[in-house]
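Please open the model in your viewer and keep the sequence panel beside it, since each stop on this tour begins with a selection. Each selection is followed by a short account of what is there.

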Amino acid sequence: MDSNQSILLDHVDARPVTGDLDEAIVDRNTIVQLDPDHPGFRDAEYRRRRNQIAQIAVRYRPGDPIPDAPYTAEEHQVWATIWRALQPAHQAHACADYRECLTKLNFEPDRIPQLCEVNKKVQAISGFRLEPVAGLVQPRVFLENLADGVFLCTQYIRHHSTPLYTPEPDVVHEIIGHGVTLASERLAELNRLFGKAVKRTQSAEELEKLSRVYWFTIEFGVLREDGEVKAYGTGLLSSAGEMAEMHEAQLRPLDLDAAANEKYDPTHFQPVLFCADSFNEMYEGLRDYLISW
Ligand SMILES: [Fe+2]
């Protein structure tokens, strides 16, 4: 196995966009068009289930109860495998705020939680709710929904042949990453402020900058706690492998203007991370930046 392959076997591709919306709605019955190199490409049963789950999102109307996704025993096993890998990683590398939220949500180690169960708990804390999408969302749509306390959430789980790797955000990244952080009042507030800032943003160039700030904070942010570097970014918090390697990244002091101009590649471990001196510094700095955007 070359080093590139070993990295990909333990990575969550956390991009909020997995395709072109116009292409996606050409035929709603075949909405899942996996690339030939997707781990589930050759598994007809997996693709059928992905289509079935995508239909839930296509038919969903905001405010309706979210139907349960039909996960198989094998897929619950994928969750269990990831959970076992993440537990010690969270213990060692997750920030205190995240660990508190994780305790509050109290997930079962061997069963994928359904979105409606997660919503009951998260909404009671921060007012945020997860709503299902098939996975094909434009960045502006994804970010603007945050303003209204809505997180557009994929419901399928990665293929069982690669439990620690997914080439697109899946329900594990969405729930263990975003769902948990949205149970933090301060992180939920920052997500809302991102949405409001995006709504005030007209140009594609400025939207790109805001998306990068989102990437380097909400998705891949780190901060210092008692002198140690800890993760608050959802892309890190949903990948045991990337959390273990995050100290190898080039750590730069949190500078949001610099983050707005820093390009990134979502397909690999992040070589550059922006590190705040404390949770408060991150929260206040990002809050003020977004309010004055
Ligand atoms: Fe994400």
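Select glutamate 206, which in this predicted model is partly exposed, with a relative accessible area of 31%. Now add lysine 209, also partly exposed, at a relative accessible area of 23%. Both residues belong to helix 10 (residues 204-219), where they sit three residues apart, about one turn of the helix. Their side chains form a salt bridge, and the closest N and O atoms of lysine 209 and glutamate 206 are 3.9 Å apart; with a cut-off of 4 Å for such a pair, this distance therefore still counts.

The next selection is a group: take Glu45, Arg48, Arg49 and Glu75 together, because salt bridges that share partners, each a nitrogen of Lys or Arg within 4 Å of a carboxyl oxygen of Asp or Glu, join these four into one network. Within that group, isolate glutamate 75 and arginine 49, whose side chains meet in a salt bridge at 3.0 Å, N to O. This pair links distant parts of the chain, since glutamate 75 lies in helix 4 and arginine 49 in helix 3 (residues 44-59), 26 residues apart. Are these two residues buried or exposed? Glutamate 75 and arginine 49 are both buried.

For another pair, move to glutamate 117 and arginine 111, which form a salt bridge with their closest N and O atoms 2.9 Å apart. Here glutamate 117 is partly exposed, with a relative accessible area of 29%, and arginine 111 likewise counts as partly exposed, at 27% relative accessibility. Across the whole structure, a search finds 16 salt bridges. As a general point, side chains of opposite charge can pair when their charged atoms come close.

Turn next to the cysteines. How many disulfides does a search of the whole structure find? The search finds zero. Select cysteine 116, which is in no disulfide, and note that the nearest cysteine sulfur, that of cysteine 153, is 12 Å away. A disulfide would need the two sulfur atoms within 2.5 Å, so this separation rules the pair out. The surroundings of the two can be read from their accessibility: cysteine 116 counts as partly exposed at 28% relative accessibility, whereas cysteine 153 is buried, with a relative accessible area of 0%.

Now look for enclosed space. The structure holds four cavities of 30 Å³ or more, and the one to visit is the second largest, with a volume of about 40 Å³. To find the second largest cavity, select its lining residues: Asp10, Val12, Ile82, Ala85, Leu86, Arg158, Leu164, Ser238, Ser239 and Ala240. Colouring this selection by class gives six nonpolar, two polar and two charged residues. Which helix supplies the largest share of this lining? Helix 4 (residues 73-93) does, with three residues.

From valine 12, one of those lining residues, jump to arginine 192, which lies 180 residues away along the chain and has its C-alpha atom 24 Å from that of valine 12. Arginine 192 is found in helix 9 (residues 185-199) and counts as partly exposed, at 24% relative accessibility. To finish, display the contacts of arginine 192: leaving aside neighbours within four places in sequence, arginine 192 is in contact with Ser126, Gly127 and Phe128, and also with Leu146, Ala147, Asp148 and Gly149.

Note on methods. Residues are numbered from 1 along each chain as its sequence is written. This is a predicted model: local features need pLDDT of at least 70, side-chain atom pairs count only at pLDDT 80 or more; totals for chains, interfaces and linings use all residues. Side-chain values use heavy atoms; hydrogens and water are left out. Buried means under 20% relative accessible area, exposed over 50%, partly exposed in between (1.4 Å probe, protein chains only). On a 1 Å grid over the protein atoms alone, a cavity is a set of points where a 1.4 Å probe fits but cannot get out, and a pocket is an open set with protein on both sides within 12 Å along at least five of seven lines; lining residues have an atom within 4 Å of a point. Grid points are joined across faces, edges and corners, and a volume is the space filled by probe spheres set on the points. Helices (H or I, at least four residues) and strands (E, at least two) are DSSP runs, numbered from the N terminus. Ala, Val, Leu, Ile, Met, Phe, Trp, Tyr, Cys and Pro count as nonpolar, Asp, Glu, Lys and Arg as charged, and the others, Gly among them, as polar. Contact means heavy atoms within 4.5 Å.
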